[in-house]
Amino acid sequence: YVAMLEAMAKKYGIPFYSIYDKTNLRPWIAGNRTVYYGEDGVHPNSAGHKLMYVAYKPFIESLVYPKDV
């Protein structure tokens, strides 16, 4: 799934950031579901959202404030 998204982004020149590759936000690891996911095991809890924020912030800032401009 992630590989397909990355390939499509590359094909169309869309910046791509895989949260699974950059963080421990991997729902298929049982320990991560208890730490980073809510009771449904799908949606991030507060710790998961914080992890996403820390991971995504530099990526988003690089798009909004590119250094080569």
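This note sets out numbered points on the predicted model shown above.

1. The surface at the start of the chain. A nonpolar patch lies on the surface and is formed by Tyr1, Met4, Leu5, Met8, Tyr12 and Ile14. Together these residues present about 670 Å² of accessible area. One of them, tyrosine 12, belongs to helix 1, which covers residues 2–12. Tyrosine 12 has a relative accessibility of 53% and therefore counts as exposed, the threshold for that class being over 50%.

2. The nonpolar core. The largest nonpolar core is made up of seven residues, namely Tyr17, Ile19, Leu25, Tyr36, Tyr37, Ala55 and Phe59. Within this set, alanine 55 may serve as a point of reference. When residues up to four places away in sequence are not counted, alanine 55 touches Tyr17, Ile19 and Thr23. Two of these contacts, Tyr17 and Ile19, are themselves listed in the core.

3. Threonine 23. This residue is placed in the loop that runs between helix 2 (19–22) and helix 3 (30–36). Is threonine 23 buried or exposed? Its relative accessible area is 9%, so threonine 23 is classed as buried, for which the limit is under 20%. The side chain of threonine 23 reaches the backbone oxygen of isoleucine 19 at a distance of 2.6 Å. Apart from residues up to four places away in sequence, threonine 23 touches Leu51 and Ala55. The contact with alanine 55 thus appears from both sides, as alanine 55 also touches Thr23.

4. Asparagine 32. Helix 3 contains asparagine 32. With a relative accessibility of 10%, asparagine 32 counts as buried. Which backbone oxygen does the side chain of asparagine 32 reach? The partner is the backbone oxygen of arginine 26, at 3.5 Å. Not counting residues up to four places away in sequence, asparagine 32 touches Asn24, Arg26 and Tyr37. Arginine 26 is therefore a contact of asparagine 32 as well as the residue whose backbone oxygen is reached by its side chain, and asparagine 32 is buried at 10% relative accessibility. Among the contacts of asparagine 32 is Tyr37, and Tyr37 is also listed in the largest nonpolar core.

5. Valine 35. Valine 35 is a further residue of helix 3. Its relative accessibility is 43%, and valine 35 counts as partly exposed because this value falls between the limits of 20% and 50%. Leaving aside neighbours within four places in sequence, valine 35 is in contact with Asn45 and Ala47. The C-alpha atoms of valine 35 and glycine 48 are 7.6 Å apart in space, and the two residues are 13 residues apart in sequence.

6. The salt bridge. How many salt bridges does the count give? The count comes to one salt bridge. Glutamate 61 forms a salt bridge with lysine 57, and the closest N and O atoms are 3.5 Å apart. This separation meets the criterion because a side-chain nitrogen of Lys or Arg has to be within 4 Å of a carboxyl oxygen of Asp or Glu. Glutamate 61 lies in helix 4, which spans residues 46–64. Because glutamate 61 and lysine 57 are four residues apart in helix 4, about one helical turn separates them. Glutamate 61 is partly exposed, with a relative accessible area of 35%, and lysine 57 is partly exposed, with a relative accessible area of 37%.

7. Separations across the model. The C-alpha atoms of glutamate 61 and glycine 31 are separated by 30 Å, and these residues are 30 residues apart along the chain. Aspartate 68 is found in the segment after helix 4. At 71% relative accessibility, aspartate 68 counts as exposed. Between the C-alpha atoms of aspartate 68 and valine 2 the separation is 28 Å, with their positions 66 residues apart along the chain as the stated spacing.

Technical notes:
Residues are numbered from 1 along each chain as its sequence is written. This is a predicted model: local features need pLDDT of at least 70, side-chain atom pairs count only at pLDDT 80 or more; totals for chains, interfaces and linings use all residues. Side-chain values use heavy atoms; hydrogens and water are left out. Patches are made of residues with over 30% relative accessible area and no salt bridge: like charges are joined within 9 Å, nonpolar side chains (Val, Leu, Ile, Met, Phe, Trp, Tyr) within 5 Å. Accessible areas come from the Shrake-Rupley method with a 1.4 Å probe; for residues, only the protein chains shown count as cover. Helices (H or I, at least four residues) and strands (E, at least two) are DSSP runs, numbered from the N terminus. Buried means under 20% relative accessible area, exposed over 50%, partly exposed in between (1.4 Å probe, protein chains only). A nonpolar core is a set of buried Ala, Val, Leu, Ile, Met, Phe, Trp, Tyr and Cys residues joined through side-chain atoms within 4.5 Å. Contact means heavy atoms within 4.5 Å. A polar contact is a pair of N or O atoms within 3.5 Å; within protein, one must be able to donate a hydrogen and the other to accept it, and residues adjacent in sequence count only if both atoms are side-chain atoms.
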